[in-house]
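Let's take a walk through a protein together. Keep the picture open beside you and follow along as we go.

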Amino acid sequence: MARVLSRFVCQTCGSVAQRWQGRCEDCGEWNTYVEEGAPSGIGAKAAAGAPRGRIFALEGLTGSQAEAPRIRSGIAELDRVTGGGFVPGSVILIGGEPGIGKSTLLIQACAALAAQKRRVVYISGEEAVAQVRLRAERLALSKAPVELAAETSVEDILATLQEGVAPALLVIDSIQTMWTARADAAPGTVTQVRASAQALIRYAKTTGSCVILVGHVTKDGQIAGPRVVEHMVDAVASFEGDGGHQFRILRAVKNRFGPTDEIGVFEMTGAGLSEVRNPSALFLSGRDASSPGTAVFAGMEGTRPLLVEIQALVSPTSLGTPRRAVVGWDPSRLAMVLAVLEAHGGLRLGQHDVYLNVAGGLRIQEPAADLAVAAALISSLTGAQLPAETVYFGEIGLSGAVRPVVHAGARLKEAAKLGFARAVIPAPAESGGSDSGPATESCGHIAVLVADIAQRSSRNEGRQRQRPAPVRQESANV
Ligand code: TYD
Ligand code: MG
């Protein structure tokens, strides 16, 4: 059989083809195939007469297995995302756009661990040692006993680490810059990244060091090229944020040793990342409660309740097809809420542009935001401002019914903590509220919400007669 000397590997999804193709059939990306040497993989070795396998003992599911020990960094927001600290022998991939603050966060974590007299090694494949030192100086961490190097060869790194005790924490910044002689491909390719990650994972498993890999993310939010790495590591966290805002969110996407969907909130300051202990207060700061179109959503991020402001702008359109633009929420979810408002709430939105924004640059994934979104939309359409001290949560079904959501108690408690006196929530199924919480008002159907806000709108209009002409008169639509 003729031997295949090279193959083509898609740099986005890792799919392999024997011939070059313009478009990857698996992921649909264009121009992503790169020629690489054929691997001397399992087949080749087997042919050469591989040694017989070692015999190992099989075990049952029961057995004494202590809870994984953890190393707390002392940075509470980071520990929350890792599920209570770094697990020795685990590998964490931290993804994020360039400049978001990954290196800053990790050097801070390194310094925190080093301060606990643990060995910490930080390998930078992107910046020179001097640059890393400069950053540490800026963060007032230059005294921390972190061991630094600017290296990209995985073999060199592992050989160096063989000396002395294995570090408690090894940071590789970034995995895309690493290369290993074991893979026959150019640095930066999927094959190289995968092979380098494999070698580092093996190192973590054999020595018990916790290894953090930094991964760059492409514009559409995927960890560039080496998405394959996501499957190999124990935990994946993404570091998100918006250039225009100073806060950053570390979100657990996958975690074999802890909960996912947990978030840590940080603020980028002149002296590095500082923890945000009360994110709701941050996301609600600067809120303009007096204008129509804003509603406060009592959401959950992992186990943590989080209040955010939802802003809607509904305005008559001059286009044949009205615009629908969403920042921070799922556009198809918005389309659904709009359809339900039309079908069951009696609103006419076909001649209106709709813009929806989650204030502060946060991204919400919960369907529980439906009710708050609907309230903001109705408020903007009718020009009636919602009561300032009210929070909303609830999932809207296609029938217009408002369905209960989980963690109602925690949401109400957070609302009470921030001084909200009233909560509009789904039908009473799960009351959850304590006596000290905000007064709850159950809303079982979207039509109830529409009627309630419309009432407010007519009351407002009476009051606003003496003011300059109101901007909007669409309340007749309701
Ligand atoms: P960095 O950690 O280098 O980002 P990444 O490793 O994700 O590419 O962070 C770079 C940005 O953070 C840069 O735009 C400057 C800003 N920054 C601060 O605002 N304050 C600071 O104390 C530091 C160290 C960085
Ligand atoms: Mg960096």
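In which sense do β11 and β12 pair, and over how many bridges? They pair in the antiparallel sense, and four bridges hold the match. One of those pairings is easy to look up: E267 has S274 in β12 as its bridge partner. The two strands make a hairpin, with two residues between them. Before we go further, keep in mind that this is a predicted model.

Now let's zoom out. The chain has twelve helices and 21 strands. Of its 478 residues, 48% count as buried. You can also ask how far along the sequence the contacts reach. Take the contacts between residues at least 6 apart in sequence: 67% of them join residues at least 24 apart.

Our hairpin belongs to a sheet. Nine strands form this open sheet, and if you read across it the order is β6-β5-β7-β8-β4-β9-β10-β11-β12, with mixed pairing. At the edges you'll find β6 (147-149) and β12 (272-275), each of which pairs on one side only. From one strand to the next, the twist averages 25°.

What does "mixed" pairing look like up close? Here's a bit of background: strands in a sheet pair through backbone hydrogen bonds, and they can do that either parallel or antiparallel. For a parallel example, find β5 (residues 120-124) and β7 (residues 169-173), which are joined by five bridges. There, Y122 stands opposite V171 in β7. For an antiparallel example, go to β10 (residues 247-255) and β11 (residues 263-269), also joined by five bridges. In that pair, L250 has G264 in β11 as its bridge partner.

Helices come into the picture too. Helix α4 (residues 129-138) lies across β5 and β6, and it runs at about 140° to β6.

Further along the chain is helix α10 (residues 370-382), a nice one for a quick check. How far should its 13 residues span at 1.5 Å a residue? The expected span is 18 Å, and the end C-alpha atoms are 18 Å apart, so the two agree. Is this helix covered or not? It is mostly covered, as 13 of its 13 residues are buried. Just after α10 comes G383, which takes a positive phi of about 80°.

Next, look for ligand 1. It is surrounded by 16 residues, and the closest are G99, K102, S103, T104 and G272. Some of the polar neighbours can be picked out atom by atom. G99 puts a backbone N or O atom 2.7 Å from an oxygen atom of the ligand. G101 also uses its backbone, with a polar atom 3.0 Å from an oxygen atom of ligand 1. T104 uses its side chain instead: a polar atom there lies 2.6 Å from an oxygen atom of the ligand.

Let's finish with a single residue, S73. Where does S73 lie? You'll find it in the loop between α1 (42-47) and α2 (76-82). Why does S73 count as buried? Its relative accessible area is 4%, and buried means under 20%, so S73 qualifies. Its side chain reaches the backbone nitrogen of I75 at 3.1 Å. The S73 side chain also makes a polar contact with the side chain of D79, at 2.9 Å. Leaving aside residues up to four places away in sequence, S73 touches L78, D79, F86, A112, L113 and Q116.

Terms used: Residues numbered from 1 in each chain as written. Chains lettered and ligands numbered in written order. Predicted model: local features only at pLDDT ≥ 70, side-chain atom pairs only at ≥ 80, totals over all residues. Heavy atoms only, no water. Buried < 20%, exposed > 50% of the residue type's maximum accessible area, 1.4 Å probe, protein only. Polar contact = N/O pair within 3.5 Å; in protein donor to acceptor, adjacent residues only side chain to side chain. Contact = heavy atoms within 4.5 Å. Pairing = 2+ DSSP bridges. Axes fitted to C-alpha atoms, helices over the stretch in contact; angles between N-to-C directions. Expected span 1.5 Å × (residues − 1). Near = heavy atom within 4 Å.
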